[in-house]
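Visitor: Hi, I've got a new model open and I'd like a quick tour. Can you walk me through it?
Guide: Sure, let's put it up.

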Amino acid sequence: MSEFWVSCGHQLLDRNASGHLVLTDEFLKAYFARPELVPPPEACAAELALHASLLADPRRPVSEAEIAGLDEADARENWQVMLAFRDRLMAAPTLEAAYLTLVRGDMSGTPHLFVNQLAQVVLRNALDGCADPFVLRSAELFFRPQRASVHDGALLLADAEIVEMQEQDRHASPLLAMFADPAVTELDVLDAENAASYFHRDEAFELVLSFASGPTARAGLAEAIERWIAHLLGVRVKVQPVARVDDDDWAWFVGLDAEASRIGNQVWRGDMVAPADLEKIIGIFALTFADPAEALPAIGARPVWLFLAKPKDGVVRLKPQNLIVGLPLRSPGEAA
């Protein structure tokens, strides 16, 4: 079986009887070794000592006095945030449970980077054994923003960070120039011919996804959503990409991003929606419950509509937590 997303650290974690991820010292050590957590060379001696001690004993208690002893205010704040996140992971029986607690509670004190990193490793577990590059590439939307561009009627999604990096060079390829100019290396659109290359390019995040006009990509995202919900909530659903909503009386909807939620709420309330807003919707999915009894009584076998949108800045930011807190479940699902 081909491996993928190794850098998220899933191989450093244990698994319980339900197949969910159990925190290990090795995972925490690797987390503290991430570039964003390594103190700069000019950091004070106290911060360098704190970091070294956590690499040696990543679960050790850290007192408020230790944090207060750091010279830089930014360093004190960064370590308070990081250690609060570590303590959240340590307090939960699994990483899946930690994610559920986080997204169902107050996320304001947790950086988006940490939320995305946690989502990636949980999603990696949910997709374990998946060998379909289109599912895996589509699943990257769960934890990496995408720059959108339309070319010859096809909506293309390229990793926003990769596109930004390419803007530093002046040698634009025809494809990359659609996303950013100037640019450098050529980006390839994922297709049947190069799909197998995903497994040695997955950490580069350089393959472009043909989305709205690419049924394989939309079907891939639909499968990723199914597996995400089943893994985290223990609820089986069927998700199908559709071209439009043929339903004047919605039972329920979930916006997969902030812009889609805003537009969906306008429609839900019966407000006048500008045509330009409707054009921002780039993905529509119909979700149905395998067992209608798991949904609220008013939903039953009726579809729950999922919407994905492209905001004004052209960067698509899917929020997988919306699938956790937004589904009309009769009772909240729990990760074992």
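Guide: One term before we start: a residue is called buried when its relative accessible area is under 20%, exposed when that is over 50%, and partly exposed in between. By that yardstick, buried residues make up 51% of the 336 residues in the protein chain. Keep in mind that this is a predicted model.

Visitor: OK. How many helices and strands does the protein chain have?
Guide: There are 12 helices and 10 strands.

Visitor: And what does the C-alpha trace span along its principal axes?
Guide: About 60 × 55 × 45 Å. The radius of gyration is 21 Å, which agrees with the value near 20 Å that a compact globule of 336 residues would have.

Visitor: What about the surface?
Guide: The accessible surface of the protein chain is about 15600 Å², and carbon and sulfur atoms account for 52% of that. As for contacts with a separation of 6 or more, 63% come from residues 24 or more positions apart.

Visitor: Let's do sheets. In what order do the four strands of the open sheet come?
Guide: The order is β5-β4-β3-β10, with antiparallel pairing. The edges are β5 (209–210) and β10 (315–316), each of which pairs on one side only.

Visitor: How many bridges hold β3 and β4 together?
Guide: Six, between β3 (residues 146–151) and β4 (residues 154–159), in the antiparallel sense. If you want a pair to click on, V150 has L155 in β4 as its bridge partner.

Visitor: What does D152 do in that hairpin?
Guide: D152 takes a positive phi near 50 degrees, in a hairpin that has two residues between the strands β3 and β4.

Visitor: And on the other side, how many bridges join β3 to β10?
Guide: Two, and those strands run antiparallel as well. Q146 has V316 in β10 as its bridge partner.

Visitor: Switching to charges. How many salt bridges does the structure hold?
Guide: It holds 20. In general, side chains of opposite charge can pair when their charged atoms come close.

Visitor: Show me a good one. Which residue does R124 pair with?
Guide: R124 forms a salt bridge with E3, with the closest N and O atoms 2.5 Å apart. That links distant parts of the chain: R124 is in helix α6 (residues 112–126) and E3 is in the segment before β1 (14–15), 121 residues apart.

Visitor: Is R124 buried or exposed?
Guide: R124 counts as buried because its relative accessibility is 3%. E3, at 30%, counts as partly exposed.

Visitor: Got another one? Where do R59 and D25 sit?
Guide: Their side chains meet in a salt bridge, 2.5 Å from N to O. R59 lies in the loop between α2 (45–56) and α3 (64–68) and D25 is in helix α1 (residues 25–32), so the pair ties together parts that are 34 residues apart in sequence. R59 is partly exposed at 32%, and D25 is partly exposed at 31%.

Visitor: Which residues are linked in a network of salt bridges?
Guide: E259, R262, D277 and K280 are linked that way. There's also a salt bridge between R317 and D313, at 2.9 Å from N to O. R317 counts as partly exposed at 41%, and D313 does too, at 44%.

Visitor: Now a histidine. Where is H231 found?
Guide: H231 is in helix α9 (residues 215–233). Its relative accessibility is 15%, which means it counts as buried.

Visitor: What is H231 in contact with?
Guide: Leaving aside neighbours within four places in sequence, H231 is in contact with G19, H20, E96, V122, N125 and A126. With N125 there is a polar contact between the two side chains, at 3.4 Å.

Visitor: Last one: where does E161 lie?
Guide: E161 lies in helix α8 (residues 160–166), and it counts as partly exposed at 46% relative accessibility.

Visitor: Which side chain does E161 join in a polar contact?
Guide: That of R144, at 3.1 Å. As for R124 from before, the C-alpha atoms of E161 and R124 are separated by 20 Å, with their positions 37 residues apart along the chain.

Terms used: Residues are numbered from 1 along each chain as its sequence is written. This is a predicted model: local features need pLDDT of at least 70, side-chain atom pairs count only at pLDDT 80 or more; totals for chains, interfaces and linings use all residues. Side-chain values use heavy atoms; hydrogens and water are left out. Two strands pair if DSSP finds at least two bridges between them. A salt bridge is a side-chain nitrogen of Lys or Arg within 4 Å of a carboxyl oxygen of Asp or Glu. Buried means under 20% relative accessible area, exposed over 50%, partly exposed in between (1.4 Å probe, protein chains only). A polar contact is a pair of N or O atoms within 3.5 Å; within protein, one must be able to donate a hydrogen and the other to accept it, and residues adjacent in sequence count only if both atoms are side-chain atoms. Contact means heavy atoms within 4.5 Å. The radius of gyration is taken over C-alpha atoms; the globule rule is 2.2 Å times the number of residues to the power 0.38. Accessible areas come from the Shrake-Rupley method with a 1.4 Å probe; for residues, only the protein chains shown count as cover.
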